[in-house]
Every structure is written in structure tokens, then in C-alpha cells.
Amino acid sequence: MYKQIFLKRGKEESLERFHPWIFSGAIHHMDEGIEEGDFVRVISSAGKFIAVGHFQIGSIAVRVLSFRDIVIDGEFWKERLKSALEMRISIGIADNPQNNTYRLVHGEGDNLPGLVIDCYGETAVMQAHSVGMHVCREQICNALVDVMGNRIKNVYYKSETTLPYKAELNQENGFIYGSTDNNVAVEHGLKFHVDWLKGQKTGFFVDQRENRQLLERYAKGKSVLNMFCYTGGFSVYAMRGEAKLVHSVDSSAKAIELTNDNIELNFPGDKRHEAFCEDAFKYLDANDNKYDLIVLDPPAFAKHRSALRNALKGYTRLNYKGFQRIRQGGILFTFSCSQAVNKEQFRAAVFTAAAQAKRKVRILHQLHQPADHPINIYHPEGEYLKGLVLYVE
């Protein structure tokens, strides 16, 4: 049986409400010889079993896998992955011929904290955010192949940048099952090159799928600016939505190359699109009253709470530029993917920017992550993507 961790008095309350994290400050003592990534049993101060999970060095000391006293084995992984797949099938995201791009496992949202799995056609990209999930990668891969059947033929493991650097695991990305050079996936009938080798996250921002589709509805006849374009997802949807012109901007030359490739994949030779490798703020300063639809989807400004104050200033400054430059009667899509920034804080930053720019602004939509990025009802911290669609007079 697993070694044990014992909690301080009263520290089991959040676990009795099924919160999946145990912080290091809640621990009274633990058995000797527990290594990072080990399975542990968690015991209350009264000697009562509470949970089984992965131990990790850091502020989050245990990520809970089960509130039942069980052994975590191959059948456990199969059961959890099967549950995740069944949910995606029931909501029409998996097994959809027009869409083979979706998130199969979303960490705590699928009761598998520390694990992310995205599906791109016949390739699943698996990412560990904890040492425990890294240690279990082969067992998880075997369960994944079993549960997915003929849906996938390859599993790419991409955890080089997501594992705690202090663990010194020297992890390298690579295929752990199968292999392929075909990196084209389909999202709502559009094709995208997915850079799981060197791209951000698992190679594509799956979480903006429904928001890209919403933008398509507003794009007809408009001049569209897609800031921080990365793979050009919003740009491709704007093109299909019959935008008059689409400009994509990113400070990364690699992102611009990927955007141009994705435009060419769907709209070969179409002259409505142009991409620019430039700093976002400089580009906005140089292009006033040119666009009637602007997308502001920056990378996370705050990855930790310590950066929150500067992040909110950054969101205010960026949105102020957007409000300044957009045409009268324009539509602004603005987002934050910073988990440390909540909905109210992000909205306050955007409202401050609107007031500073002296523009009349109305909210058309309040956006969030899609259904294949579910939020565990006992873990509200899982709600990380915030967005607003605004009409600017």
C-alpha cells in the first residue's frame, strides 16, 4: 500500500468538498522516503482516509486522483479516459467528421489533475504538468490507445516545458506510440497545420474553437485585424466569413510562417490576407481607424498571482490601444488566458481602457473556454479563459 501523508487539524475541510489540491502548508507530517511523483494516501488528523494522489514538491503538494481508497492501475486510467471520451462524444465534439480537433483530457476538469491530452486527427498529444503524470506516461499511453481504438494511431509526448524544472527529469519531446509526418487537423471544416514539435501548448489553441466560429459570423465585409495571431486561427475563420481583408500580426516569425501556411492551406492564392511580424503595440500605434473588427488574444500576462498587478496594467494598456484604433461601429474581441486573472478583474481592466479611450462600448458576448475544457465544479480555479465581444461606437 502507498506511503501516507498526514494533515494538520481542520485542513481536510476543502477535501471533504472534493477540492483536488492539497497545499504544502496543510501537511502535519509524512512517511519517510516519499519521492516526488509517488502515489500517496492522505490521512486526516483524526486518522481517517481522505484521498489518493500524486505527491509533488511545491505549494501544491498533492494532486488528488481519487477520494476512494483504491490502487491507481491500468484499469483506473482506462476508466477515467473512457469517461472523458464519452463526454466528448455526447456533446458532439468527438467522432465528428467536420471536427477532429478537440481536448480529450483537461486536467482537474476531467478528474486527472496534471494531465492534458489534445487530439489532432489520428495523433493525440499528451502533456504532463506534474511529475506524477510524467512517471505514469507509459501506462496512460497504453490506456489511451486501448480506449480510443482506431480513432488514434500516434501519441506524441510533449512535456519538455511543462514539468517542474527543479525535478531535473531531462524530458525530451517525442512519439511514445506510433509516428507520423502528417500534422494537418480539421476544425469545423477548416484545415490547420499543428506544430506539436515546437509550437506552444500542444501545438494549437484548441480552447478558442467556438470563439473563432463566433468571429466568422461577424466578419463579412469587414477589415479584420488579428493581433497575436500565432497559428492564424481567427484569421482563417475571418476569411471563410467573407471578410474584406484580414491582417495577422505576431512578433514571432515562426508564428507568421505558420499563419501564412494555414491561410494557403484553406484559401490558396487569396490576396485578402497579409501577415506582419511586428510588436503589437507598435503596430496598433501605426494603424489608426483602419479596422472594423479587431482580435486581441495575447499570451498569458500573469502565470502566477505575483504578476497580477502588472498583468492588469498590461490588459488595460492593450485594450486602450484597441479602443483608440478601432473604427466607429467596430467590434472588438478581447481575451485573457491568465488563470491568475479572474473574470471581474479582466472586465474591470477592459472597462478602464474604454473609459480612458472615451469610447461608448456595449457588451455583445461574454466568452469562456469550450465544453471540451470542462471546469470541475469543486475546482473553480479551472476557469481560465475569459473573453468579451464589444461593440464600439
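In which sense do β9 and strand β10 (residues 154-157) pair, and over how many bridges? They pair in the parallel sense, over four bridges. The legends below walk through this predicted model, starting with the whole chain and then moving to close-up views.

**Figure 1. The whole chain, with its 10 helices and 20 strands.** The radius of gyration is 22 Å, close to the 21 Å that the globule rule gives for 393 residues, so the chain is as compact as a globular protein of that length. Along its principal axes, the C-alpha trace spans about 65 × 45 × 35 Å. Buried residues account for 55% of the 393 residues. Take the contacts between residues at least 6 apart in sequence: 65% of them join residues at least 24 apart. About 17900 Å² of the chain is exposed, with carbon and sulfur atoms supplying 48% of that area. For those setting up electrostatics, the chain has 49 positive and 47 negative charges, and their mean positions lie 8 Å apart.

**Figure 2. Strand β7 (residues 101-106) beside strand β8 (residues 115-120).** Here the two strands pair in the antiparallel sense, over five bridges. A handy pair to pick out is R103, which stands opposite D118 in β8. β7 itself is mostly covered, with six of its six residues buried.

**Figure 3. The hairpin of β8 and β9.** Two residues separate the strands of this hairpin, and G121 in the turn has a positive phi of about 60 degrees. The strands run antiparallel and are joined by six bridges. To follow the pairing across the hairpin, start at C119, whose bridge partner in β9 is A124.

**Figure 4. Strand β9 (residues 123-128), covered on both faces.** Six of the six residues of β9 are buried. One side carries T123, V125 and Q127, while A124, M126 and A128 sit on the other, and all of these are buried. A124 is worth a second look, since its bridge partner in β10 is V155. That bridge belongs to the parallel pairing of β9 with β10, whereas the pairing of β9 with β8 is antiparallel.

**Figure 5. V206 and its surroundings.** V206 lies in the loop between β13 (190-193) and α5 (209-218). Is V206 buried or exposed? With a relative accessible area of 2%, which is under the 20% cut-off, V206 is buried. Leaving aside residues up to four places away in sequence, V206 touches T101, Y102 and R103, together with D118, Y120, R212, P370, D372 and H373. Two of these contacts will be familiar from Figure 2: R103 and D118 stand opposite each other there. As a distance marker, Q139 is 67 residues from V206 in sequence and 25 Å away in space, C-alpha to C-alpha.

**Figure 6. Positive phi at K201 and N289.** Both residues are good stops for anyone checking backbone torsions. K201 is found in the loop between β13 and α5, and its phi is near 50 degrees, a positive value in a residue other than glycine. K201 counts as partly exposed, at 33% relative accessibility. N289 sits in the loop between α8 (280-286) and β17 (293-296). Its phi is also positive, near 55 degrees, and N289 too is a residue other than glycine. At 47% relative accessibility, N289 counts as partly exposed.

Conventions: Residues numbered from 1 in each chain as written. Predicted model: local features only at pLDDT ≥ 70, side-chain atom pairs only at ≥ 80, totals over all residues. Heavy atoms only, no water. Buried < 20%, exposed > 50% of the residue type's maximum accessible area, 1.4 Å probe, protein only. Pairing = 2+ DSSP bridges. Contact = heavy atoms within 4.5 Å. Rg over C-alpha atoms; globule rule 2.2 N^0.38 Å. Areas by Shrake-Rupley, 256 points an atom, 1.4 Å probe, with all protein chains shown as cover. Lys, Arg positive; Asp, Glu negative; His and termini not counted. Charge placed at Lys NZ, Arg CZ, Asp CG, Glu CD.
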